[in-house]
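Please open the model in your viewer and keep the sequence panel visible. The tour below proceeds from one selection to the next.

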Amino acid sequence: MNRHKGVALVVVLWVVALLSLMAASFGLGVRREARLATNLAETAQLRAAAEAAIHYGAFMATHPDPQFRWRADGSTYAMTLDEVDIRLRIVDEGGKIDLNQADELILRSALTHIGAEPEQAVALTDAILDWRDGDQDRRINGAEAGDYRAAGYNYEPTDAPFSSVAEVRLVLGMPAHLAQALIPLVTVHSGQEGINPRVAPRGVLEALPGMDPAMVDTFVRARSELQSGAAAVPLPPVAGVRYHSAAGSALGVVVEVRRQAASLSVQAVVGMSETVDYLDWRERALPTSLFDAPEVIAIVPEPPAG
């Protein structure tokens with residue numbers, strides 16, 4: 001009899017242990033689901049704040065009144081929306097180097113400026129030109145389909161215009177660090193051979209062949225002092241580089257949003273027509289946080305009427 005009681009006690013203890021384990025597992029699952037739901041809600045809130053900031057920034061960058069118009073030259077703006085801290089940087093795509101239109105001179109100069117060795121810059125320039133042209137003729141230092149196959153790649157150059165600046169990462173011989181440095185300077189939405197110096201970011205101006213850094217500083221300082229964006233001093237002409245005045249058709253926007261410990265970074269290109277159309281949208285960590293920008297133009301929202 002006592003033996004049966006002992007067996008029953010062991011069974012009861014095992015059942016209690018099993019139920020406790022099931023309860024703990026269920027509780028852990030509930031907590032995980034709750035954290036996941038919280039994270040999804042936070043991400044949705046941050047994404048909504050980023051999109052609202054992009055729309056607001058695009059509106060302000062094209063404001064009809066120059067007195068209120070935001071500068072689309074890479075200046076950083078700060079604002080707060082529903083307890084979400086926002087940093088926003090706008091660059092008119094007309095101020096960047098167009099991957100599909102720029103010639104050999106400006107591409108090679110830009111690559112050299114971001115750290116490519118002279119021979120490497122020549123090879124990468126030819127490879128970029130081979131990627132975007134419509135033929136299979138290989139440039140002296142370039143790369144066509146056979147070169148990609150020989151290098152073990154499972155893709156070939158498109159022999160068509162770049163569809164996105166991110167596509168430059170695929171060019172044969174392009175190191176990741178050079179691609180990362182080049183992407184902020186280039187666009188596929190300008191449609192122009194040269195640049196618009198009125199809205200070109202400092203990095204693009206400095207990448208022009210033979211450009212004097214001191215002159216860039218003087219030009220950028222004078223340009224930033226005028227809300228209209230019209231420079232008080234002209235940018236010196238650069239042999240082989242065309243200046244144009246096209247602007248406003250597409251804006252590159254980089255936005256970083258933070259709320260407590262959560263954050264989100266978005267890089268987007270918006271087309272400006274009757275509506276704001278997204279031409280590109282990428283969510284990824286920025287190489288340098290916009291919250292560390294040395295010069296920030298703070299925007300204090302006006303209090304609600306009444």
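A residue is called buried when its relative accessible area is under 20%, exposed when over 50%, and partly exposed in between (1.4 Å probe, protein chains only). Helices (H or I, at least four residues) and strands (E, at least two) are DSSP runs, numbered from the N terminus.

This is a predicted model, in which local features need pLDDT of at least 70 and side-chain atom pairs count only at pLDDT 80 or more, while totals for chains, interfaces and linings use all residues. Residues are numbered from 1 along each chain as its sequence is written, and side-chain values use heavy atoms, with hydrogens and water left out.

**The whole chain**

Begin with the full chain, which holds 7 helices and 8 strands. Of its 306 residues, 40% are buried. Colour the model by pLDDT, the predictor's confidence in each residue, from 0 to 100. The chain average is 86, and 84% of the residues score at least 70. Now select residues 302-306, where the pLDDT is below 50. Beyond near neighbours in sequence, this stretch has 0 contacts (heavy atoms within 4.5 Å) in the model. Where pLDDT is low, the predicted coordinates should not be read in detail.

**Strand β6**

Next, select residues 262-272, which form strand β6. How many of its 11 residues are buried? The count is 9, so the strand is largely enclosed by the rest of the structure.

Add residues 250-259, strand β5, which pairs with β6 in the antiparallel sense over 10 bridges; pairing requires that DSSP find at least two bridges between two strands. Within this pair, V254 has Q267 of β6 as its bridge partner. The two strands form a hairpin with 2 residues between them, and Q260 in the turn shows a positive phi of about 55°.

Then add residues 276-283, strand β7, whose pairing with β6 is also antiparallel, over 7 bridges. Here A268 stands opposite W281 in β7. The hairpin formed by β6 and β7 has 3 residues between the strands.

**Residue A143**

Finally, move to A143, in the loop between α3 (118-132) and α4 (145-150). Is this residue buried or exposed? With a relative accessibility of 2%, A143 counts as buried. Display its surroundings: leaving aside neighbours within four places in sequence, A143 is in contact with A127, D130, R138, Y148, P157 and L172. Select G173 as well; it lies 30 residues from A143 along the chain, and the two C-alpha atoms are separated by 9.2 Å.
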